[in-house]
Amino acid sequence: MLLIKNANIYGEEIADILVANGKIEAIHRGIANEIQGALKEQAQIVDAECRTVIPALIDQHVHVTGGGGEGGMTTRCPELSIADIVDAGVGTIVGLLGTDGITRSVENLAAKTRALREYGFYAHCLTGAYEVPSPTITGSVMKDIAFIDECIGLKIAISDHRCSHPTYEELVRLAGQVRLGGLIGKKAGVMHIHVGLGKQGLSQIFDILNRENIPASVFRPTHMNGRLDETIRLTKLGSYSDLSTGADHQKTAAAVLEAIKKSAPGKITISSDANGSLPKWNEKKEIVGMGIGMMNTLYGAVKSLVKDFGLSLREALAPCTENVAAALNMFPYVGALQSGSRADMLILDDNLEINDFILAGNFVMRDKKRTLKINFED
(Lines give C-alpha, C1' and ligand atoms only; values in the text may rest on other atoms or scores of the structure.)
Protein backbone atom coordinates (compact mmCIF):
# COMPACT_ATOMS: atom_id res chain seq x y z
CA MET A 1 0.00 0.00 0.00
CA LEU A 2 1.26 3.47 -0.93
CA LEU A 3 0.06 6.84 0.32
CA ILE A 4 1.17 9.97 -1.47
CA LYS A 5 0.46 13.03 0.64
CA ASN A 6 0.11 16.60 -0.59
CA ALA A 7 0.04 15.81 -4.29
CA ASN A 8 -0.75 18.72 -6.60
CA ILE A 9 -3.07 17.00 -9.08
CA TYR A 10 -2.31 18.35 -12.58
CA GLY A 11 -1.04 21.46 -10.78
CA GLU A 12 -4.66 22.35 -9.99
CA GLU A 13 -5.51 21.06 -6.50
CA ILE A 14 -3.84 19.47 -3.50
CA ALA A 15 -4.97 15.95 -2.54
CA ASP A 16 -3.72 12.68 -1.08
CA ILE A 17 -3.55 9.53 -3.22
CA LEU A 18 -4.05 6.08 -1.71
CA VAL A 19 -2.77 3.16 -3.78
CA ALA A 20 -3.37 -0.56 -3.19
CA ASN A 21 -2.85 -3.59 -5.43
CA GLY A 22 -1.49 -1.41 -8.22
CA LYS A 23 -4.59 0.81 -8.45
CA ILE A 24 -5.70 4.13 -7.03
CA GLU A 25 -8.11 3.35 -4.20
CA ALA A 26 -8.95 6.94 -3.31
CA ILE A 27 -7.86 10.44 -4.22
CA HIS A 28 -8.96 13.43 -2.18
CA ARG A 29 -7.76 15.82 0.47
CA GLY A 30 -7.28 14.43 3.99
CA ILE A 31 -6.73 10.71 3.34
CA ALA A 32 -3.51 10.87 5.37
CA ASN A 33 -5.58 11.88 8.41
CA GLU A 34 -8.29 9.28 7.79
CA ILE A 35 -6.27 6.07 7.74
CA GLN A 36 -5.37 4.86 11.22
CA GLY A 37 -3.88 1.96 13.11
CA ALA A 38 -2.59 -1.11 11.29
CA LEU A 39 -3.61 0.31 7.91
CA LYS A 40 -1.41 3.33 8.39
CA GLU A 41 1.47 1.17 9.63
CA GLN A 42 1.32 -0.98 6.50
CA ALA A 43 1.41 1.95 4.09
CA GLN A 44 4.50 3.40 2.50
CA ILE A 45 3.96 7.13 3.01
CA VAL A 46 5.54 9.64 0.64
CA ASP A 47 5.12 13.39 0.94
CA ALA A 48 4.93 14.95 -2.52
CA GLU A 49 5.42 18.36 -0.91
CA CYS A 50 2.87 19.96 -3.25
CA ARG A 51 4.74 18.83 -6.36
CA THR A 52 2.63 18.28 -9.48
CA VAL A 53 1.39 14.73 -10.08
CA ILE A 54 0.11 13.57 -13.48
CA PRO A 55 -0.78 10.22 -15.10
CA ALA A 56 2.05 8.35 -16.77
CA LEU A 57 2.04 8.80 -20.55
CA ILE A 58 0.60 6.45 -23.17
CA ASP A 59 2.61 5.81 -26.34
CA GLN A 60 0.60 3.95 -28.98
CA HIS A 61 3.22 3.77 -31.75
CA VAL A 62 6.44 2.13 -30.56
CA HIS A 63 8.83 -0.12 -32.46
CA VAL A 64 9.61 -2.18 -29.37
CA THR A 65 11.64 -4.73 -31.37
CA GLY A 66 13.26 -2.02 -33.49
CA GLY A 67 12.29 -0.69 -36.91
CA GLY A 68 14.31 0.38 -39.92
CA GLY A 69 16.16 -1.65 -42.52
CA GLU A 70 15.43 0.55 -45.54
CA GLY A 71 19.13 1.24 -45.98
CA GLY A 72 20.24 -2.36 -45.61
CA MET A 73 20.84 -4.56 -42.59
CA THR A 74 23.12 -2.02 -40.92
CA THR A 75 20.16 0.37 -40.62
CA ARG A 76 18.03 -1.97 -38.51
CA CYS A 77 17.16 -0.03 -35.34
CA PRO A 78 17.78 -1.59 -31.91
CA GLU A 79 15.08 -2.85 -29.56
CA LEU A 80 13.49 -0.39 -27.18
CA SER A 81 15.32 -0.30 -23.84
CA ILE A 82 13.54 -0.43 -20.50
CA ALA A 83 15.64 2.49 -19.30
CA ASP A 84 14.35 4.70 -22.13
CA ILE A 85 10.75 3.89 -21.24
CA VAL A 86 11.26 4.81 -17.59
CA ASP A 87 13.10 8.02 -18.45
CA ALA A 88 10.29 8.99 -20.86
CA GLY A 89 7.59 8.52 -18.21
CA VAL A 90 5.56 6.09 -20.34
CA GLY A 91 3.40 3.55 -18.51
CA THR A 92 1.25 2.20 -21.36
CA ILE A 93 2.82 1.05 -24.63
CA VAL A 94 1.51 -0.30 -27.93
CA GLY A 95 4.23 -2.07 -29.90
CA LEU A 96 4.20 -2.63 -33.65
CA LEU A 97 6.31 -3.61 -36.63
CA GLY A 98 7.58 -1.20 -39.27
CA THR A 99 8.93 -1.38 -42.79
CA ASP A 100 10.77 -4.61 -42.13
CA GLY A 101 8.38 -7.49 -41.62
CA ILE A 102 10.98 -9.91 -42.98
CA THR A 103 13.72 -9.98 -40.33
CA ARG A 104 11.22 -8.92 -37.62
CA SER A 105 8.19 -11.06 -36.80
CA VAL A 106 4.85 -10.68 -35.06
CA GLU A 107 5.94 -13.55 -32.78
CA ASN A 108 9.01 -11.59 -31.73
CA LEU A 109 6.82 -8.53 -31.18
CA ALA A 110 4.39 -10.44 -28.96
CA ALA A 111 7.30 -11.85 -26.94
CA LYS A 112 8.77 -8.38 -26.36
CA THR A 113 5.34 -7.08 -25.41
CA ARG A 114 4.96 -9.85 -22.85
CA ALA A 115 8.41 -9.03 -21.46
CA LEU A 116 7.34 -5.40 -21.00
CA ARG A 117 4.33 -6.64 -19.05
CA GLU A 118 6.63 -8.65 -16.81
CA TYR A 119 8.47 -5.43 -15.99
CA GLY A 120 5.15 -3.91 -14.97
CA PHE A 121 4.24 -1.82 -18.01
CA TYR A 122 0.72 -1.95 -19.43
CA ALA A 123 1.87 -3.25 -22.80
CA HIS A 124 -0.04 -4.24 -25.94
CA CYS A 125 0.79 -4.83 -29.59
CA LEU A 126 -0.60 -4.81 -33.12
CA THR A 127 -0.46 -7.69 -35.55
CA GLY A 128 0.56 -7.05 -39.16
CA ALA A 129 3.23 -4.78 -40.65
CA TYR A 130 3.64 -2.64 -43.78
CA GLU A 131 2.86 -5.43 -46.20
CA VAL A 132 -0.30 -7.16 -47.41
CA PRO A 133 -1.11 -10.00 -46.81
CA SER A 134 -0.53 -9.08 -43.18
CA PRO A 135 1.88 -11.26 -41.22
CA THR A 136 0.14 -12.83 -38.22
CA ILE A 137 0.68 -15.47 -35.55
CA THR A 138 -2.50 -17.53 -36.00
CA GLY A 139 -2.79 -17.08 -39.77
CA SER A 140 -5.70 -14.67 -39.34
CA VAL A 141 -5.83 -10.98 -38.39
CA MET A 142 -9.20 -11.57 -36.75
CA LYS A 143 -7.94 -14.53 -34.69
CA ASP A 144 -4.81 -12.67 -33.57
CA ILE A 145 -6.95 -9.84 -32.20
CA ALA A 146 -9.60 -12.09 -30.67
CA PHE A 147 -7.35 -14.72 -29.08
CA ILE A 148 -3.94 -13.17 -28.37
CA ASP A 149 -4.29 -11.22 -25.15
CA GLU A 150 -1.68 -8.58 -26.00
CA CYS A 151 -3.02 -7.91 -29.52
CA ILE A 152 -5.54 -5.05 -29.86
CA GLY A 153 -5.50 -4.32 -33.59
CA LEU A 154 -3.68 -4.31 -36.92
CA LYS A 155 -0.80 -2.26 -38.32
CA ILE A 156 -0.82 -1.46 -42.05
CA ALA A 157 0.77 1.14 -44.36
CA ILE A 158 -0.67 3.21 -47.21
CA SER A 159 0.41 6.12 -49.41
CA ASP A 160 4.08 5.18 -49.13
CA HIS A 161 6.56 3.95 -51.73
CA ARG A 162 7.67 1.25 -49.25
CA CYS A 163 4.20 -0.25 -48.66
CA SER A 164 2.35 -3.00 -50.56
CA HIS A 165 -0.09 -0.49 -52.07
CA PRO A 166 -3.18 -2.35 -50.81
CA THR A 167 -6.26 -2.21 -53.00
CA TYR A 168 -9.66 -0.90 -51.95
CA GLU A 169 -10.93 -4.46 -51.61
CA GLU A 170 -7.97 -5.53 -49.47
CA LEU A 171 -8.43 -2.59 -47.11
CA VAL A 172 -12.17 -3.27 -46.77
CA ARG A 173 -11.57 -6.95 -46.04
CA LEU A 174 -8.87 -6.19 -43.46
CA ALA A 175 -11.01 -3.51 -41.80
CA GLY A 176 -13.85 -6.02 -41.49
CA GLN A 177 -11.54 -8.56 -39.84
CA VAL A 178 -10.22 -5.92 -37.43
CA ARG A 179 -13.75 -4.84 -36.56
CA LEU A 180 -15.01 -8.37 -35.90
CA GLY A 181 -11.85 -9.45 -34.05
CA GLY A 182 -12.23 -6.45 -31.76
CA LEU A 183 -15.87 -7.19 -31.06
CA ILE A 184 -15.26 -10.87 -30.32
CA GLY A 185 -12.14 -10.20 -28.25
CA LYS A 186 -13.76 -7.22 -26.47
CA LYS A 187 -10.91 -4.95 -27.53
CA ALA A 188 -10.53 -1.63 -29.33
CA GLY A 189 -10.10 -3.37 -32.70
CA VAL A 190 -8.18 -0.62 -34.48
CA MET A 191 -6.56 -0.47 -37.89
CA HIS A 192 -3.48 1.61 -37.10
CA ILE A 193 -2.45 3.09 -40.43
CA HIS A 194 1.00 4.35 -41.30
CA VAL A 195 0.31 7.19 -43.74
CA GLY A 196 3.31 8.02 -45.89
CA LEU A 197 4.04 11.18 -47.86
CA GLY A 198 2.35 9.94 -51.04
CA LYS A 199 -0.33 11.84 -52.91
CA GLN A 200 -3.07 9.35 -52.04
CA GLY A 201 -3.16 10.27 -48.38
CA LEU A 202 -6.40 8.98 -46.83
CA SER A 203 -8.35 8.98 -50.11
CA GLN A 204 -8.87 5.20 -49.98
CA ILE A 205 -10.12 5.41 -46.39
CA PHE A 206 -12.60 8.17 -47.18
CA ASP A 207 -13.82 6.13 -50.18
CA ILE A 208 -14.48 3.20 -47.85
CA LEU A 209 -16.35 5.41 -45.38
CA ASN A 210 -18.49 6.75 -48.22
CA ARG A 211 -19.37 3.33 -49.64
CA GLU A 212 -19.22 0.77 -46.83
CA ASN A 213 -20.75 0.24 -43.39
CA ILE A 214 -17.48 0.09 -41.45
CA PRO A 215 -17.39 2.66 -38.59
CA ALA A 216 -14.90 5.48 -38.98
CA SER A 217 -13.50 4.62 -35.54
CA VAL A 218 -11.85 1.48 -36.96
CA PHE A 219 -9.41 3.59 -39.00
CA ARG A 220 -6.61 5.20 -36.97
CA PRO A 221 -4.07 7.01 -39.18
CA THR A 222 -0.71 8.07 -37.77
CA HIS A 223 2.09 10.38 -38.96
CA MET A 224 -0.63 12.90 -39.82
CA ASN A 225 1.63 15.92 -39.32
CA GLY A 226 1.08 18.16 -42.33
CA ARG A 227 -2.28 16.59 -43.21
CA LEU A 228 -4.52 18.97 -41.29
CA ASP A 229 -7.46 18.95 -43.72
CA GLU A 230 -7.69 15.15 -43.66
CA THR A 231 -7.27 15.17 -39.88
CA ILE A 232 -10.19 17.57 -39.45
CA ARG A 233 -12.38 15.58 -41.84
CA LEU A 234 -11.68 12.22 -40.19
CA THR A 235 -12.14 13.40 -36.61
CA LYS A 236 -15.46 15.00 -37.48
CA LEU A 237 -16.55 11.62 -38.86
CA GLY A 238 -15.92 10.17 -35.40
CA SER A 239 -12.40 8.75 -35.48
CA TYR A 240 -9.00 9.84 -34.16
CA SER A 241 -5.94 11.26 -35.87
CA ASP A 242 -2.42 10.67 -34.53
CA LEU A 243 0.53 13.01 -34.93
CA SER A 244 4.14 11.92 -34.48
CA THR A 245 6.44 13.77 -32.09
CA GLY A 246 9.94 14.74 -33.15
CA ALA A 247 13.16 16.23 -31.83
CA ASP A 248 11.90 19.76 -32.56
CA HIS A 249 9.43 19.93 -29.67
CA GLN A 250 8.17 23.40 -30.52
CA LYS A 251 7.44 22.47 -34.14
CA THR A 252 5.58 19.36 -33.00
CA ALA A 253 3.64 21.31 -30.39
CA ALA A 254 2.58 23.93 -32.95
CA ALA A 255 1.20 21.24 -35.27
CA VAL A 256 -0.58 19.49 -32.40
CA LEU A 257 -2.12 22.73 -31.16
CA GLU A 258 -3.45 23.62 -34.61
CA ALA A 259 -4.97 20.15 -34.96
CA ILE A 260 -6.55 20.36 -31.51
CA LYS A 261 -8.13 23.73 -32.27
CA LYS A 262 -9.63 22.71 -35.60
CA SER A 263 -10.56 19.06 -35.09
CA ALA A 264 -13.40 17.42 -33.17
CA PRO A 265 -12.85 17.70 -29.39
CA GLY A 266 -10.74 14.96 -27.82
CA LYS A 267 -9.86 13.30 -31.13
CA ILE A 268 -6.16 14.24 -31.46
CA THR A 269 -3.50 11.86 -30.16
CA ILE A 270 0.29 11.89 -30.29
CA SER A 271 2.89 9.11 -30.33
CA SER A 272 6.68 8.96 -30.51
CA ASP A 273 7.52 6.40 -33.24
CA ALA A 274 10.22 5.32 -30.78
CA ASN A 275 12.98 3.10 -32.17
CA GLY A 276 11.56 3.40 -35.65
CA SER A 277 13.80 4.61 -38.45
CA LEU A 278 13.44 8.17 -39.71
CA PRO A 279 14.88 7.96 -43.23
CA LYS A 280 15.47 11.05 -45.35
CA TRP A 281 14.76 10.61 -49.06
CA ASN A 282 15.68 12.68 -52.09
CA GLU A 283 13.34 13.27 -55.03
CA LYS A 284 14.39 9.91 -56.52
CA LYS A 285 13.37 8.10 -53.30
CA GLU A 286 17.00 7.40 -52.49
CA ILE A 287 18.10 7.46 -48.86
CA VAL A 288 20.29 10.44 -48.06
CA GLY A 289 20.13 10.26 -44.27
CA MET A 290 18.81 8.17 -41.39
CA GLY A 291 17.58 8.99 -37.91
CA ILE A 292 15.78 7.12 -35.14
CA GLY A 293 12.61 7.94 -33.21
CA MET A 294 12.99 8.70 -29.51
CA MET A 295 10.36 8.06 -26.85
CA ASN A 296 11.31 11.13 -24.82
CA THR A 297 9.95 13.38 -27.59
CA LEU A 298 6.45 12.58 -26.34
CA TYR A 299 6.81 14.46 -23.08
CA GLY A 300 8.99 17.05 -24.83
CA ALA A 301 5.95 18.02 -26.93
CA VAL A 302 3.79 18.22 -23.79
CA LYS A 303 6.20 20.61 -22.09
CA SER A 304 6.37 22.78 -25.20
CA LEU A 305 2.57 23.01 -25.35
CA VAL A 306 2.66 24.34 -21.78
CA LYS A 307 5.74 26.54 -21.85
CA ASP A 308 5.68 27.83 -25.42
CA PHE A 309 1.95 27.90 -26.19
CA GLY A 310 0.31 28.46 -22.81
CA LEU A 311 -1.86 25.34 -22.52
CA SER A 312 -2.69 24.04 -19.08
CA LEU A 313 -0.87 20.87 -18.13
CA ARG A 314 -4.11 18.89 -18.27
CA GLU A 315 -4.84 20.17 -21.81
CA ALA A 316 -1.30 19.50 -23.01
CA LEU A 317 -1.31 15.95 -21.63
CA ALA A 318 -4.66 14.91 -23.12
CA PRO A 319 -3.30 13.71 -26.52
CA CYS A 320 -0.98 11.21 -24.80
CA THR A 321 -3.16 10.35 -21.80
CA GLU A 322 -6.93 10.80 -21.81
CA ASN A 323 -7.53 11.00 -25.57
CA VAL A 324 -5.45 7.99 -26.52
CA ALA A 325 -6.79 5.95 -23.58
CA ALA A 326 -10.32 6.64 -24.79
CA ALA A 327 -9.29 5.76 -28.36
CA LEU A 328 -8.01 2.36 -27.20
CA ASN A 329 -10.97 1.64 -24.87
CA MET A 330 -8.67 1.89 -21.84
CA PHE A 331 -10.01 5.03 -20.13
CA PRO A 332 -10.10 5.61 -17.17
CA TYR A 333 -8.04 2.52 -16.29
CA VAL A 334 -5.05 4.39 -17.73
CA GLY A 335 -4.61 8.01 -18.75
CA ALA A 336 -6.37 9.31 -15.64
CA LEU A 337 -5.94 10.01 -11.94
CA GLN A 338 -9.11 8.74 -10.30
CA SER A 339 -10.36 5.95 -8.11
CA GLY A 340 -10.00 2.64 -9.98
CA SER A 341 -7.30 3.89 -12.31
CA ARG A 342 -4.06 1.96 -12.59
CA ALA A 343 -1.50 3.65 -10.35
CA ASP A 344 0.86 4.86 -13.10
CA MET A 345 1.91 8.36 -12.03
CA LEU A 346 4.65 10.93 -12.57
CA ILE A 347 5.74 13.43 -9.94
CA LEU A 348 7.24 16.53 -11.53
CA ASP A 349 9.72 19.09 -10.25
CA ASP A 350 9.25 22.86 -10.48
CA ASN A 351 10.53 22.86 -14.10
CA LEU A 352 8.03 20.17 -15.17
CA GLU A 353 10.82 17.59 -15.38
CA ILE A 354 10.03 14.03 -14.29
CA ASN A 355 11.31 13.58 -10.74
CA ASP A 356 9.58 10.31 -9.75
CA PHE A 357 7.78 7.57 -11.68
CA ILE A 358 5.30 5.22 -10.01
CA LEU A 359 4.36 2.21 -12.14
CA ALA A 360 1.41 0.08 -10.97
CA GLY A 361 1.99 1.42 -7.46
CA ASN A 362 5.76 0.83 -7.39
CA PHE A 363 8.50 3.42 -7.74
CA VAL A 364 10.63 2.81 -10.83
CA MET A 365 12.27 6.24 -10.55
CA ARG A 366 13.05 8.26 -7.39
CA ASP A 367 14.66 11.69 -7.48
CA LYS A 368 15.47 11.29 -11.19
CA LYS A 369 17.28 7.97 -10.64
CA ARG A 370 15.90 4.70 -12.02
CA THR A 371 15.11 2.15 -9.32
CA LEU A 372 13.65 -0.57 -11.55
CA LYS A 373 15.93 -3.58 -11.78
CA ILE A 374 16.62 -4.10 -15.46
CA ASN A 375 17.98 -7.39 -16.79
CA PHE A 376 20.78 -7.32 -19.38
CA GLU A 377 21.07 -3.52 -19.42
CA ASP A 378 23.81 -1.33 -17.95
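Two strands pair if DSSP finds at least two bridges between them. Keep that rule in mind for this predicted model.

## Two hairpins in a row

Start with strand E18 (residues 362-366) and strand E19 (residues 369-370). They are joined by two bridges and run antiparallel, so they count as a pair under the rule of at least two bridges. Arg366 has Lys369 in E19 as its bridge partner. E18 and E19 make a hairpin, with two residues between the strands. Asp367 in this hairpin has a positive phi near 50 degrees.

E18 also pairs with strand E17 (residues 354-359). Here there are three bridges, and the sense is again antiparallel. Leu359 has Asn362 in E18 as its bridge partner. E17 and E18 form a hairpin too, with two residues between them. In its turn, Ala360 has a positive phi of about 50 degrees.

## The parallel sheet

Now look for an open sheet of six strands. Their order is E6-E7-E8-E9-E10-E11, and the pairing is parallel. Which strands stand at the edges? They are strand E6 (57-62) and strand E11 (219-222). Each has a single partner strand, so one side of each has no neighbour in the sheet. On average, neighbouring strands are turned by 30 degrees against each other, with direction ignored.

One pair in this sheet is E10 and E11, which run parallel and are joined by four bridges. His194 stands opposite Thr222 in E11.

## Helices against the strands

Helix H4 (residues 106-118) lies across strand E7 (90-95) and strand E8 (122-128). H4 runs at about 175 degrees to E8.

Helix H7 (residues 203-211) has buried residues: Gln204, Ile205, Phe206, Ile208 and Leu209. What do the buried residues of H7 pack against? Their partners are strand E9 (151-158), helix H6 (168-185), E10, E11 and helix H8 (228-236).

## The pockets

The largest pocket holds about 1,100 Å³ of space. It is lined by 42 residues. Closest to its centre are Leu197, His223, Asp273, Leu278 and Pro279. Strand E10 (190-195), helix H9 (249-262) and strand E14 (277-281) are the elements that each give two or more residues to this lining. E14 gives the largest share, five residues.

The second largest pocket has about 280 Å³ of space. Its lining has 17 residues, and Asp87, Ala88, Asn296, Glu353 and Ile354 are the closest to its centre. Helix H3 (82-88) and helix H10 (297-307) are the elements that give two or more residues each.

The table sorts each lining by residue class.

| Pocket | Nonpolar | Polar | Charged |
|---|---|---|---|
| Largest pocket | ten residues | 23 residues | nine residues |
| Second largest pocket | seven residues | five residues | five residues |

## Unusual backbone spots

Most residues other than glycine have a negative phi, and most peptide bonds are trans. A few places in the model depart from those habits.

Where are the cis peptide bonds? One joins Val132 and Pro133, with omega about 0 degrees. Pro133 is in the loop between E8 and helix H5 (141-147). Another cis bond joins Phe331 and Pro332, with omega about 5 degrees. Pro332 belongs to the loop between helix H12 (322-327) and strand E16 (345-348).

Phi can also turn positive. Asn6 has a phi near 55 degrees, although it is not a glycine. Asn6 is part of strand E1 (residues 2-9). Ser159 is not a glycine either, and its phi is near 50 degrees. Ser159 is in the loop between E9 and H6.

Is each of these two residues buried or partly exposed? The cut-off decides: buried means under 20% relative accessible area, and partly exposed lies between that and 50%. Asn6 has a relative accessible area of 28%, so Asn6 is partly exposed. Ser159 has a relative accessible area of 6%, so Ser159 is buried.

Notes:
Residues numbered from 1 in each chain as written. Predicted model: local features only at pLDDT ≥ 70, side-chain atom pairs only at ≥ 80, totals over all residues. Heavy atoms only, no water. 1 Å grid on protein atoms, 1.4 Å probe; cavity = no way out; pocket = protein on both sides within 12 Å on 5 of 7 lines; lining within 4 Å. Points joined across faces, edges and corners; volume = space filled by probe spheres on them. Nonpolar A, V, L, I, M, F, W, Y, C, P; charged D, E, K, R; others polar. Axes fitted to C-alpha atoms, helices over the stretch in contact; angles between N-to-C directions. Contact = heavy atoms within 4.5 Å. Buried < 20%, exposed > 50% of the residue type's maximum accessible area, 1.4 Å probe, protein only.
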